[in-house]
Amino acid sequence: MTFGFEVFAKEVEQVAFPKLEQTVADIKSKIPSLRSSKEELRKLVTYIDLTTLSGDDTRSRVEALVDKALAPTSSQPDLRCGAVCVYPARVADVTRHLKQLNKQLNVASVAGGFPSGQYLLITRLLEIQLAVKDGATEIDTVINRAAALDGDWELVYDELKQMKRACDGAHLKTILATGELKNNENIYKASFAAMLSGSDFIKTSTGKETVNATLEVAYVMCLAIRRYFELTGRRVGFKPAGGLRTIEDALGYRILIEEVLGKEWLTPELFRIGASSLLDVIVKEL
Ligand SMILES: O=C[C@H](O)COP(=O)(O)O
């Protein structure tokens, strides 16, 4: 069943997170039990959106990124990352390279005014359309934080709805930029506005905020995903991103997903990890 913004107010009223600290502490205590499993490490690789988002990205850098995502380790030729994630101007380089290799891979582009969102809606929408035209199969966009902080959640919802239309079939991954949303209530509201607008994934951070992914905000977002699933029967994916550097960081989110959302979410269709350097750390142990 689908719902629009009419259910927003009822769903977000009096939201509270009494078990947050205990849940995060429990998750951290379970990380060592998965740490030695090679199978878990291999699965982590499949969840990674291998990312480069730098001003000095070039065609050769994103081609090397694609090569690495397609074959992170020579010893296990079937293992590959969930996607590559690049700036819009590099999408054509990625798709051209994939075509030359005759390989397929999910291609995510940040677009829609990434990372600040401080651009006119018309240019944000056009940026999404152009990235899709160049071959992006996934769009990682950002919410309008000015609207969110002003409490104008309907504007956040409306803009994302237009972005979803601009995706024209490409998956929409909506970044909340949780480090800028001030409190957990706002993070829950942003999650709900994003899901109601049709986002396929909700994502914590751009990697450019001062505070990026944390287990605490991930818990709040996963509670919202769980409630949205109860309401609609639609599974929305979750993507922590920004500052994930260690295997322990990644396993924390993997455990959280299973505890709050269940094993069904432990698939690259519903769980991604946005990271630029984590893959190298994992591959050293495979
Ligand atoms: O979405 C992915 C992030 O921008 C990557 O952040 P990172 O460089 O801290 O791993």
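**Helices H8 and H9**

I started with the pair H8 (residues 153–167) and H9 (residues 184–196), whose axes come within 8 Å and cross at roughly 35°. The model is predicted, so I read every value here as a property of that model. I noted the handedness next: H8 passes H9 in a right-handed crossing. On the H8 side I listed Trp153, Val156, Tyr157 and Leu160, which meet Lys189, Ala190, Ala193, Ala194 and Leu196 of H9. I sorted the residues of this contact by class and got 8 nonpolar, no polar and 1 charged.

**Ser197 and Gln162**

I then moved to Ser197, in the loop between H9 and E6. Is Ser197 buried or exposed? I found 22 C-beta neighbours inside 10 Å, and a residue counts as buried from 20 upwards, so Ser197 is buried. Setting aside residues up to four places away in sequence, I recorded contacts of Ser197 with Tyr157, Leu160, Lys161 and Lys164. Among the H8 residues that meet H9 are Tyr157 and Leu160, and Ser197 touches both of them.

I also took the C-alpha separation of Ser197 and Gln162, which is 8.6 Å in space for 35 residues in sequence. Gln162 sits in helix H8. I counted 16 other C-beta atoms within 10 Å of Gln162, which makes it partly exposed. From Gln162 I looked back along the chain to Leu125: the two are 37 residues apart in sequence, and their C-alpha atoms are 7.5 Å apart.

**Annotated lysines**

I looked up the UniProt record, an unreviewed entry, and it places the feature "active site" at Lys203 and Lys239. The two positions span 37 residues in sequence, yet their C-alpha atoms are no more than 4.4 Å apart, so they gather at one spot.

I located Lys203 in strand E6 (residues 201–203) and Lys239 in strand E7 (residues 237–239). Both lysines came out as buried: Lys203 has 27 other C-beta atoms within 10 Å, and Lys239 has 28.

Which residues does Lys203 touch beyond four places in sequence? I wrote down Asp140, Lys173, Thr174, Ile175, Lys239, Ala241 and Gly274. With the same exclusion, the partners of Lys239 are Asp49, Lys173, Phe201, Lys203, Arg272, Ile273 and Gly274. I marked Lys173 and Gly274, as they appear in both lists.

**Ligand shell**

I counted 13 residues around the ligand, of which Gly207, Ala241, Gly274, Ala275 and Ser276 come nearest. Ala241 and Gly274 were already in my notes as contacts of Lys203. By class I logged the shell as 5 nonpolar, 8 polar and no charged residues.

**Backbone checks**

I went through the backbone for unusual torsions. The peptide bond from Phe114 to Pro115 is cis, with omega near 0°. Pro115 lies in the loop between strand E3 (107–110) and helix H6 (121–133).

I noted two positive phi values outside glycine. Asp168 has phi near 50° and is found in the loop between H8 and strand E5 (171–175). Ala177 has phi of about 55° and lies in the loop between E5 and H9. I checked the burial of each: Asp168 has 11 C-beta neighbours inside 10 Å and counts as exposed, whereas Ala177 has 25 and is buried.

Notes. Residues numbered from 1 in each chain as written. Predicted model: local features only at pLDDT ≥ 70, side-chain atom pairs only at ≥ 80, totals over all residues. UniProt positions renumbered as here; feature names shortened; annotations may be inferred. Helix = DSSP H or I, 4+ residues; strand = E, 2+ residues; numbered from the N terminus. Buried ≥ 20, exposed ≤ 12 C-beta atoms within 10 Å, placed from the backbone. Contact = placed C-beta atoms within 7 Å. Axes fitted to C-alpha atoms, helices over the stretch in contact; angles between N-to-C directions. Left-handed = near helix turned anticlockwise from the far one by under 90°. Nonpolar A, V, L, I, M, F, W, Y, C, P; charged D, E, K, R; others polar. Near = placed C-beta within 6 Å.
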